[in-house]
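Student: I've got a model open and some questions about it. Can we go through it together?

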Amino acid sequence: MTSTGSNREFSRRHLLGIAGMSAEEIGFLLDLSDGYVDLNREADKKQSLLHGRTLINLFFENSTRTRTSFELAGKRLGADVINMSVGSSSIKKGETLIDTAMTLNAMHPDVLVVRHSDSGAVNLLAEKVNCAVINAGDGSHEHPTQALLDALTIRRRRGKLQGLTVALCGDVRHSRVARSNMYLLDAMGARVRIIAPPTLLPTAAERFGVEIFHDMRAGLEGCDIVMMLRLQTERMQGSYVPSTREYFHFWGLDAEKLACAKPDALVMHPGPMNRGIEIDSELADDLTRSVILDQVELGVAVRMACLDALAAHNGAG
Ligand code: CP
């Protein structure tokens, strides 16, 4: 496979969020990702598009999927990849986010991939550095590459996004995945439902142009895609649900509730999953319905496409 390297359709310097992206830009990244899915299934996955370039993964929050897939994506495109260990960095001595970013910037990286617990922190950092910045998830704000990989998963299974009905279920309030998905699905012409207890809805949820349900069975009726969300207890101050047992009873996805959706509805989850809390364990592993591992696989391709697209506007290609 040949890397494109020159992407006139994508003229952004950073990838900070899906909000404000056009259907053409999203479609361009998904088309580019498709090529990388094929490459990733070959024995020789190595490309040279980013040879000589440096990618730094700067994760202030834990991650398995996003951090590893950005590392793989960078290496498969030929970049040198550094994983900054925040736990053993000078951040532990009180260095600020901005001083950390400026320090790394002085070493001339080409891409910073940043995850942070504060909404807006990655946008702020992008204003202070000379290189491309990719948001790998900031607080409850956005997780753009997750929404792109979710969209790619749906598009490859259903052949389109337009006209599909997608249910985002559970802790929408604290979910950056839900926010990025709402922006993306709206831009691509899908219908979005959010199904959540009132305590786990974002404030003024109607502004996202979604349908709101408080009952799983009613909300799932006729859905093409059922996307479950993790209960983000790390972002909760106080109690938002009575108990995890009761939460599963009312809001957890099991085969009986899934039967309300279309017979071939796909089950998605961005991971990490809380089995038995937001999703039944057997259903999560049922490969006739669950595409959770497809999401993980396609995440590497999407991150390669994002690095490729940004490279053209940051001195490569
Ligand atoms: N979906 C997601 O962002 O997973 P990680 O926290 O493991 O990166």
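Student: Which polar side-chain atom distance links Arg115 to the ligand?
Tutor: A polar side-chain atom of Arg115 sits 2.9 Å from an oxygen atom of the ligand. A polar contact is a pair of N or O atoms within 3.5 Å; within protein, one must be able to donate a hydrogen and the other to accept it, and residues adjacent in sequence count only if both atoms are side-chain atoms. This is a predicted model, where local features need pLDDT of at least 70, side-chain atom pairs count only at pLDDT 80 or more, and totals for chains, interfaces and linings use all residues. Residues are numbered from 1 along each chain as its sequence is written, and side-chain values use heavy atoms, with hydrogens and water left out.

Student: What does the His143 side chain do with the ligand?
Tutor: An N or O atom in the His143 side chain is 2.9 Å from an oxygen atom of the ligand.

Student: And which ligand atom does the Gly271 backbone meet?
Tutor: A nitrogen atom, 3.1 Å from a polar backbone atom of Gly271.

Student: How much of the ligand's accessible area does the protein cover?
Tutor: The protein covers 92% of the 250 Å² that the ligand has on its own. Those areas come from the Shrake-Rupley method with a 1.4 Å probe; for residues, only the protein chains shown count as cover.

Student: Which residues surround the ligand?
Tutor: Ser63, Thr64, Arg65, Thr66, Arg115, His143, Gln146, Pro270 and Gly271. To count as near, a residue needs a heavy atom within 4 Å of the molecule.

Student: Back to Gly271. Is its peptide bond to Pro272 cis or trans?
Tutor: Cis, with omega near -5 degrees. Pro272 is in the loop between strand S9 (266-268) and helix H10 (281-284). Helices (H or I, at least four residues) and strands (E, at least two) are DSSP runs, numbered from the N terminus.

Student: Gln146 was on the ligand list. Is it buried or exposed in H5?
Tutor: Gln146 is one of the buried residues of H5. Buried means under 20% relative accessible area, exposed over 50%, partly exposed in between (1.4 Å probe, protein chains only). In H5, 12 of the 15 residues are buried, so the helix is largely enclosed by the rest of the structure.

Student: How far does H5 reach, end to end?
Tutor: H5 (residues 144-158) reaches 21 Å from its first C-alpha to its last, close to the expected 21 Å. The expected span is 1.5 Å times one less than the number of residues. Just after H5, Gly159 takes a positive phi of about 80 degrees.

Student: Which residue is at the centre of the kink in H11?
Tutor: Leu298, with a kink of about 30 degrees. That bend is the angle between axes fitted to the seven residues ending there and the seven starting there. H11 (residues 292-311) still reaches 29 Å, close to the 28 Å expected. H11 is mostly covered, with 16 of its 20 residues buried.

Student: New topic. How many disulfides?
Tutor: There are 0. A disulfide needs a pair of cysteine sulfur atoms within 2.5 Å. For Cys169, the nearest cysteine sulfur is that of Cys223, 7.2 Å away. Cys169 is buried, at 0% relative accessible area. Cys223 is buried too, at 0%.

Student: Where is His108, with its positive phi?
Tutor: His108 is in the loop between helix H3 (97-105) and strand S3 (111-116). Its phi is near 60 degrees. His108 is exposed, at 64% relative accessibility.
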